[in-house]
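I set aside a page for one model and a short list of things to look up. The entries follow in the order in which I made them.

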Amino acid sequence: MQGNLPPEAQEKIEELQDLQETAQQVAQQKQQAETQLQESETALETLDGIEGETQMYREVGELLIETDYDDAYENLEEKVDSLEVRVQTLQKQEDRVQEQFEELQEELQQMLQGAGGGGPMGPGGPGAGGD
């Protein structure tokens with residue numbers, strides 16, 4: 001079908017496909033950030049129920065390094081704050097991409113309706129079904 005489309009319509013379709021890929025990438029990044037945020041919030045809640053003198057370790061690469069309660073809590077709070085900002089940013093980006101996608105889709109529909117409205121199968125043409 002794309003072979004019969006005007007170049008402008010083909011260009012819009014390519015833009016739509018690019019935007020769809022971008023939307024999928026953003027959605028995947030957002031999902032990962034939300035998962036990390038949830039895990040960090042759970043860890044922070046767990047720390048709330050632990051005594052400050054409990055021996056703790058944090059993961060650094062493939063190693064576990066001893067840490068104290070205050071450092072662990074502070075690091076988790078910073079991570080949660082950072083992830084909240086990341087999720088909000090990705091949500092805004094996702095909304096923008098969706099808006100662009102809808103606008104392009106509408107432009108393409110108008111372009112195709114405008115191109116096909118007066119053709120031989122349009123109103124009054126052989127496909128009109130005037131029995």
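**Entry 1: Glu78.** I started with a single side chain and asked whether Glu78 is buried, exposed or in between. The model is predicted, and I kept that in mind for every entry. Glu78 has a relative accessibility of 47%, so I put it down as partly exposed; the class runs from 20% to 50%. I then noted where Glu78 sits, which is in helix 2, residues 69–116. I also checked Glu78 against Ser40: the two are 38 residues apart in sequence, and their C-alpha atoms are 9.9 Å apart in space.

**Entry 2: Thr67.** I next looked up Thr67 and found it in strand 2, which covers residues 63–67. Its relative accessibility is 11%, and because the cut-off for buried is under 20%, I entered Thr67 as buried. Which residues does Thr67 touch, leaving aside its neighbours within four places in sequence? I listed Met56, Tyr57, Arg58 and Ala72. Of these, I marked Arg58 and Ala72 for the next entry, as both are named among the residues nearest the centre of the largest pocket.

**Entry 3: the largest pocket.** I recorded a volume of about 390 Å³ for the largest pocket. Its lining has 16 residues, and those nearest the centre are Arg58, Ala72, Asn75, Leu76 and Lys79. Which element gives the largest share of the lining? I found that helix 1 does, with 6 residues. Helix 1 spans 7–48, and strand 1 spans 56–60; these two and helix 2 each supply at least two residues of the lining. By class, I divided the lining into 7 nonpolar, 5 polar and 4 charged residues.

**Entry 4: the chain as a whole.** I left the chain totals for the end. I noted 2 helices and 2 strands in the protein chain, and from the N terminus the order is α-β-β-α. How much of the chain is buried? Of its 131 residues, 22% are. For the accessible surface I wrote down about 9900 Å², with 45% of it belonging to carbon and sulfur atoms. Last, I took the contacts between residues at least 6 apart in sequence, and 66% of them join residues at least 24 apart.

**Entry 5: cross-check.** I went back over the two residues I had begun with. Glu78 stays in my list as partly exposed, and Thr67 as buried.

Notes
Residues numbered from 1 in each chain as written. Predicted model: local features only at pLDDT ≥ 70, side-chain atom pairs only at ≥ 80, totals over all residues. Heavy atoms only, no water. Helix = DSSP H or I, 4+ residues; strand = E, 2+ residues; numbered from the N terminus. Buried < 20%, exposed > 50% of the residue type's maximum accessible area, 1.4 Å probe, protein only. Contact = heavy atoms within 4.5 Å. 1 Å grid on protein atoms, 1.4 Å probe; cavity = no way out; pocket = protein on both sides within 12 Å on 5 of 7 lines; lining within 4 Å. Points joined across faces, edges and corners; volume = space filled by probe spheres on them. Nonpolar A, V, L, I, M, F, W, Y, C, P; charged D, E, K, R; others polar. Areas by Shrake-Rupley, 256 points an atom, 1.4 Å probe, with all protein chains shown as cover.
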